[in-house]
Amino acid sequence: MSNNKIVSSFELARIVALIAIISIHCQLFLTHGFVSDEPWFNYVTNQAARFAVPLFFIIAGYLIQPKLNDNPYSTARSYSYPIMIIWVVWSVVYLLTPFNLAVVSELGYLAERQQYWNYLLLNPLNSLFEGGLVHLWFLPSLCLAVLMIAWFVDNHCRTLLIPFAAIIYTYGLIAGSYQVITHDETAIFTRNGPFISFLMVSIGFEIRRRRWTLSASKAILLAALGIALHYSEALYLHQLGHEFNSNDFLIGTVFWATGIFLWLQSKPQLGNYPIVHKLAKLVLPMYVVHLLIIIGLNNLAGILGVEFFSRDALVFIGTLILTPAIAILLEKTPLSTASFRKLKPPSSQQLE
């Protein structure tokens, strides 16, 4: 796989990862605890989906490696420019779109929006890294990681890439999930910025540059050890007061996501079906739009008065059905992410 030909297993993985992210944002089973007062089914399923974002980052690093290695800054610029345009456009969409229709009907559009804008202004630096809605954090974080890798490549210190990325990731843990122990703080949520993205994109970059591989069985074992460590950490931190479902990444997450990626790499033809390739092309538009659909369906659930399992089924299944349909329609409008991805930076001059 020396070129960027389509790897079917990566395409399938991106679809599965998106479904996992949707399950997190739908907050499945959060309102019912089953055998205890705590929603343990939500805790378990929420954390089961935490491989998704790291896997997205690893795949991105793997795919961009050849160009980024040959022309670091120009590649980072041409790669990031359309992504940041998408981030700006969809930030504006989410800033203008009302989330709570009950408040709109009672107090009006501006009152509903003002509440949300005021919330964002309470932490402007964090809002800057996220954009118009929380899930958009992924886009600038990806671009920042690519730019940081470009610096290491341009300065001929690729061997230091993983160590430095690991240090930043470790600090993200110290000031993130492990804050319950360290009591350290950062100006932004450690999910945002480079704390998780830099290491994960670097892992994908280095896997391809160094041609690292594992057999399918060893990759599965690595992933299994990673998920066991992730859940052990989550349980330990939960006992200290950090809620089980609030971990975006832990130590075990690195091995979990890397193991999954290496397994996918060992099975490149997995998911080689036309429907997979068609849906994979819609992953980006589905990602940016899916939370808007979740918000709409939550409003509908409130209007209909459905709760618990009925609410979960309506929101989750409805989002899975409507997201690709709306993404297909969006790709025929000026909001098409495919058209944005074709945009080039204003100047073609390289930054090297």
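Colleague: Which residues does Val103 touch, not counting residues up to four places away in sequence?

Modeller: This is a predicted model. Val103 sits in helix 5, residues 101–107. Beyond four places in sequence, Val103 touches Gly108, Glu112 and Gln115.

Colleague: Is Val103 buried or exposed?

Modeller: The relative accessibility of Val103 is 17%. Buried means under 20%. Val103 therefore counts as buried.

Colleague: How far apart in space are Val103 and Arg113, C-alpha to C-alpha?

Modeller: In sequence, 10 residues separate Val103 and Arg113. In space, their C-alpha distance is 9.5 Å.

Colleague: Where is Trp117, and does "buried", "partly exposed" or "exposed" describe what it counts as, and which of these?

Modeller: Trp117 belongs to helix 6, residues 109–121. Its relative accessibility is 25%. Buried needs under 20% and exposed needs over 50%. Trp117 falls in between, so the label is partly exposed.

Colleague: What separates the C-alpha atoms of Trp117 and Leu95?

Modeller: Along the chain, Trp117 and Leu95 are 22 residues apart. Their C-alpha atoms are separated by 7.6 Å.

Colleague: Turn to Ile24. Which residues does Ile24 touch, not counting those up to four places away in sequence?

Modeller: Ile24 is part of helix 1, residues 8–25. Ile24 has a relative accessible area of 15%, so it is buried. The C-alpha atoms of Ile24 and Gln47 are 8.5 Å apart, with their positions 23 residues apart along the chain as the separation. The residues that Ile24 touches are Asn46, Ala49 and Arg50.

Colleague: What is the phi of His156?

Modeller: His156 lies in the loop between helix 8 (138–154) and helix 9 (161–174). At 67% relative accessibility, His156 counts as exposed. Most residues other than glycine have a negative phi. His156 is not a glycine, yet its phi is positive, near 55°.

Colleague: And where is Arg211 found?

Modeller: Arg211 also has a positive phi, about 60°, although it is not a glycine. Arg211 counts as exposed, because its relative accessibility is 71%. Its place is the loop between helix 11 (194–209) and helix 12 (216–239).

Colleague: Now the whole chain. How many helices and strands are there?

Modeller: The C-alpha trace spans about 60 × 50 × 45 Å along its principal axes. The secondary structure of the chain comes to 17 helices and 0 strands.

Colleague: Why does the radius of gyration agree with a compact globule?

Modeller: The chain has 352 residues. A compact globule with that many residues would have a radius near 20 Å. The chain agrees, because its radius of gyration is 20 Å.

Colleague: What share of the contacts joins residues at least 24 apart?

Modeller: The contacts counted are between residues at least 6 apart in sequence. Of these, the share joining residues at least 24 apart is 80%.

Colleague: Which residues have the most contacts inside the largest nonpolar core?

Modeller: Nonpolar side chains tend to be buried together in soluble globular proteins. Of the residues in this chain, 50% count as buried. The largest nonpolar core has 102 residues. Those with the most contacts inside it are Phe57, Phe138, Leu139, Leu142 and Phe261.

Colleague: Take Leu139. Which residues is Leu139 in contact with, leaving aside neighbours within four places in sequence?

Modeller: Leu139 is one of the core residues with the most contacts. Its partners outside that sequence window are Ile83, Ile86, Trp87, Leu284 and Val288.

Colleague: How far apart are the centres of the positive and negative side chains?

Modeller: The chain has 21 positive and 18 negative side chains. The centres of the two sets lie 18 Å apart.

Methods:
Residues numbered from 1 in each chain as written. Predicted model: local features only at pLDDT ≥ 70, side-chain atom pairs only at ≥ 80, totals over all residues. Heavy atoms only, no water. Helix = DSSP H or I, 4+ residues; strand = E, 2+ residues; numbered from the N terminus. Rg over C-alpha atoms; globule rule 2.2 N^0.38 Å. Buried < 20%, exposed > 50% of the residue type's maximum accessible area, 1.4 Å probe, protein only. Contact = heavy atoms within 4.5 Å. Lys, Arg positive; Asp, Glu negative; His and termini not counted. Charge placed at Lys NZ, Arg CZ, Asp CG, Glu CD. Core = buried A, V, L, I, M, F, W, Y, C linked by side-chain atoms within 4.5 Å.
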